[in-house]
Amino acid sequence: MNWKPNKWIATALNIFFSPLGLVYAGAPRLAALVFGGAMLLMFAIFFLLPGSLSATVMVAFQVALAVVCMTCAYRIAARAPVRAVRPASTRWYVLLAIMLTYFTTVVGLRAFFYETFHVPFTSMAPAIESGAHLLVQKWGYGHASSFGITFASRPISAPMMRGDLIVFEFPRDPSQQFIKRLVGLPGDKVAYRDRQLFVNGAATRVRELEAYVEPEQLVTFQRFEEQLGNVRFQILLRTDEARSIKEPDDFAFKENCVYEAMAMQCEVPPGHYFVMGDNRDNSYDSRYWGFVRANQVVGKVVRIMQ
């Protein structure tokens, strides 16, 4: 049997997984070197560049990598000699095994360690703007899931701290995942009155900052600095009117809460958490739909790419 790699197949395989075309073309060592170098460079881009720049550079790098791999695979395959025996690394089942190993690794990392999320809304502005991407740590939070599939659920072992930004399954529709700020731990008394947050009787507001102008609709908000534990963050309030507390939905442990026209207070039950959005007047959160169960917590935000 005389065999020679097809240059068009070598080129097309990079669409699915960039170094795969190099393996088929007969250069598995070069493919491994390219893959390892690309992973190291992408990690460097992700963690060393500012969030606003890293996302753009990451996309540009992935496109450039695909183009380079396609070009190299085409040329290597075109110049490859005819061989009497086809190399094992070029056979379909080896290529399929490489792809399956890669995707299994990706799914495992997303399910158990870290996953990226896209934020389409402004409920967490100014910390998280609409369109931002988040890196979420899942290790230690017991919620192993990826691509809508839950693989395992274990008790939370990582510390849950007031002020953390957490991702969780929306209690009213677990198919949706929300991002909010953790403000109340089990046993805490959380109050929101006169548009201010109090936790266990202590005010969280530190000072007022300069006004914030929403970049898309040019709406002006009051901006304040708040503190929960060691975490300082900014919150927004609309300036046009004082807003009353909306009528809450029915939810488990609603009897732990008391609602008035301009105030509400809840005692967080065991195994649950109270969360709020930083854009207080534009956030649908625990004030309206209740508490987040521990087994609904997906993970903690560790990096924001605006």
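Biologist: Over how many bridges do strand β6 and β15 pair?
Modeller: This is a predicted model. Strand β6 covers residues 173–184, and its pairing with β15 is antiparallel. Within this pairing, Leu182 has Val275 of β15 as its bridge partner. The count of bridges between β6 and β15 is 3.

Biologist: Which residue in β16 is the bridge partner of His272?
Modeller: β15 pairs with β16 as well, in the antiparallel sense and over 2 bridges. His272 belongs to one side of β15, together with Phe274 and Met276. Its bridge partner in β16 is Arg293.

Biologist: Is strand β15 largely enclosed by the rest of the structure or left open, and how many of its residues are buried?
Modeller: Take the two faces in turn: His272, Phe274 and Met276 on one side are buried, and so are Tyr273 and Val275 on the other. Both faces are therefore covered, and β15 (residues 272–276) is largely enclosed by the rest of the structure. The number of buried residues is 5 of the 5.

Biologist: In what order do the 7 strands of the open sheet stand?
Modeller: Strands of a sheet pair through backbone hydrogen bonds, which can run parallel or antiparallel. In this open sheet the pairing is antiparallel. The order is β1-β2-β17-β5-β6-β15-β16.

Biologist: Which strands stand at the edges, and why is one side of each left without a neighbour?
Modeller: A strand at the edge has a single partner strand, so one of its sides has no neighbour in the sheet. That applies to two strands, residues 114–118 and residues 292–293. They are β1 and β16.

Biologist: Which residue in β17 does Val136 stand opposite?
Modeller: Strand β2 (residues 133–137) is paired with strand β17 (residues 297–305). The sense is antiparallel, over 5 bridges. Opposite Val136 in β17 is Val301.

Biologist: Which residue takes a positive phi in the hairpin of β11 and β12?
Modeller: Strand β11 (residues 220–228) and strand β12 (residues 231–238) form an antiparallel pair over 8 bridges, and Glu225 has Gln234 of β12 as its bridge partner. The hairpin has 2 residues between the strands. The one with a positive phi, near 65 degrees, is Gly229.

Biologist: What is the phi of Arg195, which is not a glycine?
Modeller: Arg195 is placed in the loop between β7 (189–193) and β8 (196–199). With a relative accessible area of 12%, Arg195 counts as buried. Its phi is positive, at about 65 degrees.

Biologist: Is Asn200 buried or partly exposed, and at what relative accessible area?
Modeller: Asn200 lies in the loop between β8 and β9 (202–203). It is a residue other than glycine with a positive phi, near 55 degrees. Since buried would require under 20%, Asn200 is partly exposed, with a relative accessible area of 45%.

Biologist: Is the pair of Tyr102 and Phe103 stacked or edge-to-face?
Modeller: The structure holds 17 aromatic pairs. In this one, the ring centres are 5.2 Å apart and the planes stand at 70 degrees. Planes over 60 degrees apart count as edge-to-face, so the pair of Tyr102 and Phe103 is edge-to-face.

Biologist: Is the pair of Tyr284 and Tyr288 stacked or edge-to-face?
Modeller: Tyr284 is partly exposed at 36% relative accessible area, whereas Tyr288 is buried at 8%. Both belong to an aromatic cluster with Phe168, Phe170, Phe178 and Trp289. The centres of their rings are 6.3 Å apart and the planes are at 10 degrees, so the pair is stacked.

Biologist: Over the ring of which residue does the charged end of Arg193 sit?
Modeller: Arg181 offers one such arrangement, with its charged end over the ring of Phe233, 4.1 Å from the ring centre. For Arg193 the distance to the ring centre is 4.0 Å. The ring belongs to Phe198.

Biologist: What is the area of the nonpolar surface patch that includes Leu109?
Modeller: Leu109 is found in helix α5 and is partly exposed at 45% relative accessible area. The other members are Phe112, Phe113, Tyr114, Trp139, Ile149, Phe151 and Val302. At least two residues come from α5 (92–112), and at least two from β4 (149–153). The patch covers about 790 Å².

Biologist: Which peptide bond is cis, with omega near 10 degrees?
Modeller: The proline involved, Pro126, lies in the loop between β1 and β2. The cis bond leads into this proline, from Ala125 to Pro126.

Terms used. Residues numbered from 1 in each chain as written. Predicted model: local features only at pLDDT ≥ 70, side-chain atom pairs only at ≥ 80, totals over all residues. Heavy atoms only, no water. Phe/Tyr/Trp six-rings, centres within 6.5 Å; stacked < 30°, edge-to-face > 60°. Buried < 20%, exposed > 50% of the residue type's maximum accessible area, 1.4 Å probe, protein only. Lys NZ or Arg CZ within 6 Å of the ring centre and 35° of its normal. Pairing = 2+ DSSP bridges. Helix = DSSP H or I, 4+ residues; strand = E, 2+ residues; numbered from the N terminus. Patch = residues over 30% accessible without salt bridge, like charges linked within 9 Å, V, L, I, M, F, W, Y side chains within 5 Å. Areas by Shrake-Rupley, 256 points an atom, 1.4 Å probe, with all protein chains shown as cover. Salt bridge = Lys/Arg side-chain N within 4 Å of Asp/Glu carboxyl O.
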